Amino acid sequence: METAKAEIIAFCESKSKNKSKFYFNDFTKIFPDEKARAVKKILTALIQEEKMVFWSSGSTTMYGLAGAGKQAHSEGED
């Protein structure tokens, strides 16, 4: 699971110049052979470790690196 976590963080960091939040489906594309539930468990572990954050607008759910993006700066997380 540690290598999967590292892959997710590397993916987010590589895209961080353009995006700070990602849809769940973006992460399932990283692991095409894994079931969605397994990917969800990896993301949940990263959130519990406070390496990533969960963001929801009510209708849209997204994930991002902790402390990254406009939302984090406006809420004083930086």
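Me: Which residues line the largest cavity?

Reply: The lining consists of C12, S16, K19, S20, F22, L65 and A68; a lining residue has an atom within 4 Å of a cavity point. The model is a predicted one, in which local features need pLDDT of at least 70 and side-chain atom pairs count only at pLDDT 80 or more, while totals for chains, interfaces and linings use all residues. Residue numbers start from 1 along each chain as its sequence is written, and side-chain values use heavy atoms, with hydrogens and water left out.

Me: What makes a space a cavity, and how many of 30 Å³ or more does the structure hold?

Reply: On a 1 Å grid over the protein atoms alone, a cavity is a set of points where a 1.4 Å probe fits but cannot get out. The structure holds one of 30 Å³ or more. The largest has a volume of about 40 Å³, volume being the space filled by probe spheres set on the points, which are joined across faces, edges and corners.

Me: How do the residues of that lining divide?

Reply: Four are nonpolar, two polar and one charged. Ala, Val, Leu, Ile, Met, Phe, Trp, Tyr, Cys and Pro count as nonpolar, Asp, Glu, Lys and Arg as charged, and the others, Gly among them, as polar.

Me: How many helices and strands does the protein have?

Reply: It has four helices and three strands, in the order α-β-α-α-β-β-α along the sequence. Both are DSSP runs, H or I over at least four residues for a helix and E over at least two for a strand, numbered from the N terminus.

Me: Why does the span of α1 agree with what is expected?

Reply: The expected span is 1.5 Å times one less than the number of residues. For the 14 residues of α1 this gives 20 Å, and the end C-alpha atoms are 20 Å apart, so the two agree. Helix α3 (residues 36–48), with 13 residues, reaches 18 Å, close to the 18 Å expected.

Me: Which residues of α1 are buried, and why do they line one face?

Reply: A4, K5, I8, I9, F11 and C12 are buried, that is, under 20% relative accessible area, where over 50% is exposed and in between is partly exposed (1.4 Å probe, protein chains only). They line one face because they fall within an arc of 155°, taken from the directions from the helix axis to the C-beta atoms. The face turned away carries the exposed E2, T3 and S14. The cover over the buried residues includes β1 (21–23), α2, α3, β2 and β3.

Me: Which residues of α3 are buried?

Reply: V39, I42, L43, A45 and L46 are. They cover an arc of only 155° around the axis, which puts them on the same side of α3. On the other side, R37, K41 and Q48 are exposed. The buried residues pack against α1 (2–15), α2 (24–28), β2 (52–56) and β3 (61–65).

Me: Why does M1 count as exposed, and what does M1 touch?

Reply: Its relative accessibility is 54%, so M1 counts as exposed. M1 touches K41, I42 and A45, leaving aside residues up to four places away in sequence; contact means heavy atoms within 4.5 Å. The C-alpha atoms of M1 and I42 are separated by 7.0 Å, although the two residues are 41 apart along the chain.

Me: What phi does E50 have?

Reply: E50 has a positive phi of about 60° although it is not a glycine. Most residues other than glycine have a negative phi. E50 sits in the loop between α3 and β2, and at 66% relative accessibility it counts as exposed.

Terms used
On a 1 Å grid over the protein atoms alone, a cavity is a set of points where a 1.4 Å probe fits but cannot get out, and a pocket is an open set with protein on both sides within 12 Å along at least five of seven lines; lining residues have an atom within 4 Å of a point.
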